[in-house]
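The following note is offered to a colleague who is beginning to read protein models. Please keep the sequence and the structure in view while going through the points.

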Amino acid sequence: MKIFVDRVKCQNHGQCAISAPTNFELDDNGELRYQEAFDEENIGDIEDAVDSCPLQAITLKS
């Protein structure tokens, strides 16, 4: 599975970076950066990040 962020929906609130800091972060300009690939051991944090996004901009795709 891979992480997909819809950049049209995303408004860089950063809730995902709080839920899954290993895979999501806000850069110095407040823009979201993320890694599409992730270790299965982080799936719980990734699912929390998906659930915490106020704009539902994050999905998991196979």
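1. A definition is needed at the outset: a residue is called buried when its relative accessible area is under 20%, exposed when that area is over 50%, and partly exposed in between. The model discussed here is predicted. With the cut-off in hand, Asp-27 can be classified: its relative accessibility is 18%, so Asp-27 counts as buried.

2. Asp-27 also takes part in a charged contact. How many salt bridges does the structure hold? There is one. In this contact the side chain of Asp-27 meets that of Arg-33, with 3.4 Å from N to O. A salt bridge requires the nitrogen to lie within 4 Å of the carboxyl oxygen, so the distance of 3.4 Å satisfies the criterion. The partner, Arg-33, has a relative accessible area of 48% and is therefore partly exposed. The bridge thus joins a residue classed as buried to a residue classed as partly exposed.

3. The aromatic residues deserve a separate point. A search of the whole structure finds one aromatic pair. Phe-24 and Tyr-34 make up this pair, with 6.1 Å from centre to centre and 25° between the planes. Why is the pair called stacked? Planes under 30 degrees apart count as stacked, and the angle here is 25°, so the term applies. The pair connects distant parts of the chain, for Phe-24 belongs to strand S2 (residues 24-26) and Tyr-34 to strand S3 (residues 32-34), ten residues apart.

4. The two members of the aromatic pair may also be considered by their accessibility. Is Phe-24 buried or exposed? Phe-24 has a relative accessible area of 2%, and it is therefore buried. Tyr-34 has a relative accessible area of 22%, which means that Tyr-34 is partly exposed.

5. A further point concerns charge on the surface. Which residues gather in a patch of negative charge? They are Asp-45, Glu-47, Asp-48 and Asp-51. Asp-48 is part of helix H2, which covers residues 43-52, and Asp-51 lies in helix H2 as well. Asp-48 has a relative accessible area of 42% and is therefore partly exposed. Asp-51 reaches 64% relative accessibility and so counts as exposed. Asp-51 may also be placed relative to Val-8: 43 residues separate them in sequence, and their C-alpha atoms are 18 Å apart in space.

6. Two residues should be noted for their backbone angles. Asn-12, which is not a glycine, has a positive phi, near 60°. Asn-12 belongs to the loop between S1 and helix H1 (15-19), and at 22% relative accessibility it counts as partly exposed. Gln-56 likewise is not a glycine, and its phi is positive at about 50°. Where is Gln-56 found? Gln-56 lies in the loop between H2 and strand S4 (58-61). Its relative accessible area is 61%, so Gln-56 is exposed.

7. The loop between S1 and H1 also contains Gln-11. With a relative accessible area of 53%, Gln-11 is exposed. Between the C-alpha atoms of Gln-11 and Thr-22 there are 20 Å, although the chain places these residues eleven positions apart.

8. Cys-16 is situated in helix H1. Its relative accessibility is 6%, and Cys-16 therefore counts as buried. The C-alpha atom of Cys-16 is separated by 12 Å from that of Gln-35, a residue 19 positions away along the chain.

9. Lys-2 is the subject of the final point. This residue lies in strand S1 (residues 2-5). Is Lys-2 buried or partly exposed? Lys-2 has a relative accessible area of 46%, so it is partly exposed. Lys-2 and Asn-42 are 40 residues apart in sequence, and 12 Å separate their C-alpha atoms.

Definitions and conventions. Residues are numbered from 1 along each chain as its sequence is written. This is a predicted model: local features need pLDDT of at least 70, side-chain atom pairs count only at pLDDT 80 or more; totals for chains, interfaces and linings use all residues. Side-chain values use heavy atoms; hydrogens and water are left out. Patches are made of residues with over 30% relative accessible area and no salt bridge: like charges are joined within 9 Å, nonpolar side chains (Val, Leu, Ile, Met, Phe, Trp, Tyr) within 5 Å. Accessible areas come from the Shrake-Rupley method with a 1.4 Å probe; for residues, only the protein chains shown count as cover. Lys and Arg count as positive and Asp and Glu as negative; His and the chain ends are not counted. The place of a charge is taken as NZ of Lys, CZ of Arg, CG of Asp or CD of Glu. Helices (H or I, at least four residues) and strands (E, at least two) are DSSP runs, numbered from the N terminus. Buried means under 20% relative accessible area, exposed over 50%, partly exposed in between (1.4 Å probe, protein chains only). Rings of Phe, Tyr and Trp (its six-membered ring) pair if their centres lie within 6.5 Å; planes under 30 degrees apart count as stacked, over 60 as edge-to-face and the rest as tilted.
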